[in-house]
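Biologist: Could you take me through one part of this model up close, and show me how that part fits into the rest of the chain? I'd like one connected walk rather than a list.

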Amino acid sequence: MSNELQGADAINTLPELLAHALAMETEATERYGELADQMETHRKAKVAAIFRRLEKEEQAHLVELTHMCSKYELPHYAPWDYKWNTGESPEAIDIGKVSYRMSVRGAVELALVHERRACDFYAGIAQRATDDEVRILASQFAAEEREHIGWLESCLADCGPDDAAIDDPDPPLSQE
Ligand code: ZN
């Protein structure tokens with residue numbers, strides 16, 4: 001079982017689940033957006049499009065989630081009190097792992113790691129929660145992440161062995 005699940009048994013109420021989901025989806029949306037912007041700056045249109053699509057998907061979750069959260073009093077967590085063992089939420093891509101040289105395949109593989117972690121996090125909660133509502137909602141969130149995984153896997157199947165060269169029409173250091 002991966003690290004992200006270690007704290008998952010501590011989440012057993014809807015407000016706790018929603019607070020974690022809100023933090024995770026907010027961070028994921030912002031991060032994918034930043035990465036898409038960065039890739040557009042470097043004219044990596046295909047890589048940018050992957051991150052942009054994920055940003056939109058996460059954004060859609062976020063809208064749904066914000067609506068759900070409005071019905072509850074959510075607990076306030078300090079950043080270190082969230083029940084994930086990584087410094088950041090499982091779905092947020094480490095910006096240091098992204099470079100303008102990144103290929104479409106590299107971007108898809110990196111996003112896959114994080115989407116799988118997000119899915120595992122929710123699935124772990126669903127597995128361990130004794131509260132029915134928490135179990136049902138966590139399974140639904142896991143299923144939504146599984147859709148992202150499915151889409152990314154189909155992207156990966158369409159990728160060549162390394163398409164970096166194809167998507168890099170302008171070497172970044174050239175002065176024209
Ligand atoms: Zn996702």
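Modeller: About 9100 Å² of the protein chain is exposed, and carbon and sulfur atoms supply 53% of that area. Keep in mind that this is a predicted model. Of the 176 residues in the chain, 45% are buried. The fold is easy to write down: four helices and zero strands, so to speak α-α-α-α when you read along the sequence. Among contacts with a separation of 6 or more, 83% are between residues 24 or more positions apart.

Let's take helix H2 as the part to look at, starting with what comes before it. H1 covers residues 14-41 and H2 covers 45-69, with Arg43 in the loop between them. H1 has 28 residues and reaches 40 Å from its first C-alpha to its last, close to the 40 Å expected at 1.5 Å a residue. After H1 you meet Arg43, whose phi is positive, near 55°, and this is a residue other than glycine. Is Arg43 buried or exposed? It counts as exposed, because its relative accessibility is 53%, and the cut-off for exposed is over 50%.

Now step back into H1, where Met39 lies. Met39 sits at 0% relative accessibility, so it counts as buried. What does Met39 touch, once you leave aside its neighbours within four places in sequence? The list is Lys44, Val47, Ala48, Phe51, Val98, Ser99 and Tyr100. Val47, Ala48 and Phe51 are among the buried residues of H2. Another pairing to check on screen is Met39 with Arg52: they are 13 residues apart along the chain, and their C-alpha atoms are separated by 9.8 Å.

Tyr100, from that contact list, belongs to the loop between H2 and H3. Its relative accessible area is 23%, so Tyr100 is partly exposed. Tyr100 and Gln38 are 62 residues apart along the chain, yet 7.9 Å separates their C-alpha atoms.

On to H2 itself. Its 25 residues should span 36 Å at 1.5 Å a residue, and the end C-alpha atoms are 35 Å apart, which agrees. Which residues of H2 are buried? They are Val47, Ala48, Ile50, Phe51, Leu54, Glu55, Glu58, His61, Leu62, Leu65, Met68 and Cys69. What do these buried residues pack against? The answer is H1, helix H3 (104-128) and helix H4 (132-158).

Follow Phe51 first, for the side towards H1. The whole structure holds four aromatic pairs. One of them is Tyr32 with Phe51, stacked at 6.2 Å centre to centre with 25° between the planes. Since Tyr32 lies in H1 and Phe51 in H2, the pair ties together parts that are 19 residues apart in sequence. Tyr32 and Phe51 are both buried. Elsewhere, Tyr77 and Tyr82 have ring centres 5.0 Å apart and planes at 45°, so that pair is tilted; both tyrosines are buried too. Phe121, Tyr122 and Phe141 form one aromatic cluster.

Then follow Glu58, which takes you to the metal. The zinc ion is coordinated by Glu58 (OE), Glu91 (OE), Glu115 (OE), Glu145 (OE) and His148 (ND1), at 2.0 to 2.2 Å. In sequence those donor residues are spaced E-x32-E-x23-E-x29-E-x2-H. Two of the donors, Glu58 in H2 and Glu145 in H4, link distant parts of the chain, being 87 residues apart. Both Glu58 and Glu145 are buried.

Last stop is Cys69, the residue where H2 (45-69) ends. At 9% relative accessibility, Cys69 counts as buried. Cys119 is buried as well, with a relative accessible area of 6%. How many disulfides does a search of the whole structure find? It finds zero.

So the picture around H2 is this: its buried residues pack against H1, H3 and H4, Phe51 stacks with Tyr32, and Glu58 is one of the donors to the zinc ion.

Terms used. Residues are numbered from 1 along each chain as its sequence is written. This is a predicted model: local features need pLDDT of at least 70, side-chain atom pairs count only at pLDDT 80 or more; totals for chains, interfaces and linings use all residues. Side-chain values use heavy atoms; hydrogens and water are left out. A disulfide is a pair of cysteine sulfur atoms within 2.5 Å. Buried means under 20% relative accessible area, exposed over 50%, partly exposed in between (1.4 Å probe, protein chains only). Contact means heavy atoms within 4.5 Å. The expected span of a helix is 1.5 Å times one less than its number of residues. Donors are N, O and S atoms within 2.8 Å of the metal (3.2 Å for Na, K and Ca); water is not among the atoms, so sites may look incomplete. Accessible areas come from the Shrake-Rupley method with a 1.4 Å probe; for residues, only the protein chains shown count as cover. Rings of Phe, Tyr and Trp (its six-membered ring) pair if their centres lie within 6.5 Å; planes under 30 degrees apart count as stacked, over 60 as edge-to-face and the rest as tilted.
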